[in-house]
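Reader: I've got the files loaded and I'm curious about the details. Mind if I fire some questions at you while we look?

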Amino acid sequence: MGNKSRIKAKEKKGVTTAKVMAKHPMMSYDEAKKKGKKANFITSMVATVDGETVYEASTSQFLSKNPFVKFKFKGSNKGKKLVFTWTDLSGATRTDKKKIK
Amino acid sequence: MKKLYSITIAAGLALALAGCAGNNASTPSGDRDGDGIANISDQCPNTVLGTKVSKDGCKIYPTILELNEKELCSVDKNGIESVIATAAKYNKTAKAHGVEFKRLGMTNTQYIDGVNKALKTGGKMVVLLNKKGKPDKKLKPVTVKYAAERACKFAISALAQEAEGKTNWRLAVPGDGYKY
Amino acid sequence: MLLKIAKTTAILALTACTLNAGEFNAQAEKDRLALVDYMEAKFADPLKNRYTFFPYSTDDELKNNIASGLKHQDFAIGNYAFSKQGKFSYDEIKEMPPYEELVEEGEEIYNNNAVIKACFPDPAIGGDYPYFDESKKEVVTLTSAINKCITDAGEKKWNEKKGKMAILQSYFAAASMDAEKKVDIKIESAEAAAAYERGKEAYYTQRGYLKLSCATCHVQGAGQRVRNESLSQLLGHTTHFPVFRLKWGKDKVANGLGTLERRMTGCNKDQGENPHKANSKWMKELLYFMAYMSNGMNIDGPDIRK
Amino acid sequence: MNRRKFLGLGLGLGVAAVMTPATLSATNFRDTKPGAWSGQNATAIDSSMKELYGTSATTEGKVKLKAPAIAENGAVVPVTISSKLAGKTVALFQDANPESLVAVFTVPANGVIDYSLRIKMAKTGKVVAVVEVDGKLYSASANVKVTAGGCGG
């Protein structure tokens, strides 16, 4: 479900910096009420490398639309794949991958 | 403003020329309309007695900068029909010159239309429109008098500002009229 | 010998060219340099020169929020050139700007539209518009050129302010930036110079019921505030269009991008004037003047604004 | 850090790595601490923090919070939380929306506390970042002014 997340990940001196923009309307309860739609927003984001969690967040309706997150983690990860998954309130989920540069 | 002025002159000239054709009887040195300009040089030989005229014998119209908008646009003094007619007259030129005013969602044309509509239907208020041309719920309607006076002042100020601008715009240009 | 003559002729021809061009853009060039001088002087030391340039700004603003020592090229990023607070958000949002995918979409439009591709074989043309069409004796903006291109091919014209038009232009801007293009506006005839002068007069003339000229806010007013809005400077205004404005993209990301014409219409409306149409002579000549003022500055579009 | 503690930590990590499935290992704080996200205690920073951590007593410092003093747009307020503390979780709160809690991060073994995100703020308000180290809370706060942004169009 949903559109592809934009992912950029780069390792420098053993620290990988990842930037991710998930594609999601992040419809808060207030916004939903105004628009006559159902509230829905990403409630959890997880990123892994080689199956190991490198990022984990429980999120709310107050992240911006198409939420952007940036995070860092240690380790030698050049060339490995960063796997980013989000789950929203409706239970929908989406996973995208990107090679770490 | 210049344009408006020259249009008026041109119109006057056409009238005057038409007038000339029918009044060949007067002598060239005479002063048929008594404006102090001899017929031979009088481009407007039929001005009403007492009218202030220029060297060519035609009526001098006040420039837009000389208009007294407070007087001209007073509904109490002139009546609402006259004020809205003044508004319409000057706003037409303002629009043609690309200087028509717009306040919030309302162009001056919409102010004038609103007043005219109210006058036709006997309404007392003019509903203000939003940028989509629909009644703006956040703004209170204004009285017809208020709208007419605003439209009239907006129309005249737009032209006055344009005329002024012709002479003073360089004062804001660095390297030209603007010193710091 | 022959070579020498050829060389001399070439040099002569070149000199003649510069002289000629110099004649027609002499005034514009004088204006441009005076504007650069003014802006550099204004932002050399805002606190020290407050009585000359920032009569309404508070101590706090001048000390903490307005950068000093700005030079010509610094002005390309609008009010972020001097507004420290704004620059923080700007930098953060530029980390992954919301227009990136729109640029890609613009590239797709370009690659899949043979008509556009034929009209604009090189997409890196950001710095060449608006130009003065010497045969038609009128200013051509990038927007009007794109619309002419597609209507000549029998297609319906595009919205001049947003949507496909802005999205395609964002690709042109990005391609121009990648190719390290600079704004390069030419004035090569008396008619072009006259169009420039009309654009300049329009820029500096007070208009609307608020009696503001563009310059009130963006020359004399640059660096100051209107409510909480920090006013950007004329110098560099056209280098980064189309822009993605956060307020435009609030409901729909694709609507976030707008052309120069879209921005100008909004500004014109804020002056309290019934705004001029995007494809009017007035608008095109205004943009011609504005773009000339940014001559020599790097194309850095598309960009983010609030 | 003494050896025993070190071993204990290593063991804990090892177990976690083995026990959790590769993809979704998340501790979802929305499920484990629902009261922090919605309900009457979720509306204020203090009470929401108490729901999440059992206390709202924090020590100022050792946490860096970057946020604009004046937001360019309330719908996109960039915030960055960083710290050198060996925190287990990091939480972000604000008081400009109907509820306070914005996000809770679980810092993974190889994680660095340097989180950026863009948040919505309906009005001017305060942003508070909390880093939890073994049940102790360190915090930083910043005020963000939100105005109807941008001239024209």
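**Loops, helices and contacts**

Reader: Is Lys211(C) buried, exposed or partly exposed?
Author: Count the neighbours: 14 other C-beta atoms lie within 10 Å of Lys211(C). Buried takes 20 or more other C-beta atoms within 10 Å, exposed takes 12 or fewer, and partly exposed is in between, with C-beta atoms placed from the backbone. So Lys211(C) comes out as partly exposed.

Reader: Before going on, what kind of model is this?
Author: Residues are numbered from 1 along each chain as its sequence is written, with chains lettered from A and ligands numbered from 1 in the order in which they are written. Local features need pLDDT of at least 70, side-chain atom pairs count only at pLDDT 80 or more, and totals for chains, interfaces and linings use all residues, since the model is predicted.

Reader: Back to Lys211(C): what is its phi?
Author: Lys211(C) sits in the loop between helix 9 (190–204) and helix 10 (214–218) of chain C; helices (H or I, at least four residues) and strands (E, at least two) are DSSP runs, numbered from the N terminus. Most residues other than glycine have a negative phi. Lys211(C) is not a glycine, yet its phi is positive, at about 55°.

Reader: And Asn66(A), buried or exposed?
Author: Asn66(A) is another non-glycine with a positive phi, about 45°. Its place is the loop between strand 4 and strand 5 of chain A. There are 21 C-beta neighbours inside 10 Å, so Asn66(A) counts as buried.

Reader: What is omega for the cis peptide bond between Phe241(C) and Pro242(C)?
Author: Most peptide bonds are trans. Chain C has a cis bond joining Tyr129(C) to Pro130(C), with omega about -5°, and Pro130(C) is in the loop between helix 6 (114–119) and strand 1 (131–133) of chain C. Pro242(C) lies in the loop between strand 4 and strand 5 (243–245) of chain C. For the bond from Phe241(C) to Pro242(C), omega is about 0°.

Reader: How many helices and strands does chain C have, and what is its radius of gyration?
Author: Chain C has 12 helices and seven strands. The globule rule (2.2 Å times the number of residues to the power 0.38, with the radius taken over C-alpha atoms) gives 19 Å for 306 residues, so chain C is as compact as a globular protein of that length, with a radius of gyration of 20 Å.

Reader: What share of chain C counts as buried?
Author: Its C-alpha atoms fill a box of roughly 65 × 45 × 40 Å along the principal axes. Of the contacts in chain C with a separation of 6 or more, 71% are between residues 24 or more positions apart; a contact means C-beta atoms, placed from the backbone, within 7 Å. The buried share of the 306 residues is 48%.

Reader: Which residues of helix 4 of chain C are buried, and what arc do they cover?
Author: The buried ones are Gly86(C), Ser89(C), Tyr90(C), Glu92(C) and Ile93(C). They are on the same side of helix 4 of chain C because their arc around the axis (that of the directions from the helix axis to the C-beta atoms) is only 165°.

Reader: Which element of chain C gives the most to the side that touches chain D?
Author: That contact takes 21 residues from chain C and 15 residues from chain D. Helix 4 (84–94) and helix 11 (260–270) of chain C are the elements that give two or more residues to the chain C side. The most, seven residues, comes from helix 11 of chain C.

Reader: Which strand gives the largest share of the side of chain A that touches chain D?
Author: Here 30 residues of chain A meet 31 residues of chain D. Strand 3 (42–49), strand 4 (52–59) and strand 5 (68–74) of chain A each give two or more residues to the chain A side. The largest share, eight residues, is from strand 4 of chain A.

Reader: What is the handedness of the crossing of helix 4 and helix 6 of chain B?
Author: The axes of helix 4 (residues 80–96) and helix 6 (residues 144–168) of chain B come within 8 Å and cross at roughly 35°. Axes are lines fitted to C-alpha atoms over the stretch in contact, with angles from 0 to 180 degrees between N-to-C directions. A near helix turned anticlockwise from the far one by less than a right angle makes a crossing left-handed, and clockwise makes it right-handed. The crossing of helix 4 and helix 6 of chain B is left-handed.

Definitions and conventions: Contact = placed C-beta atoms within 7 Å.
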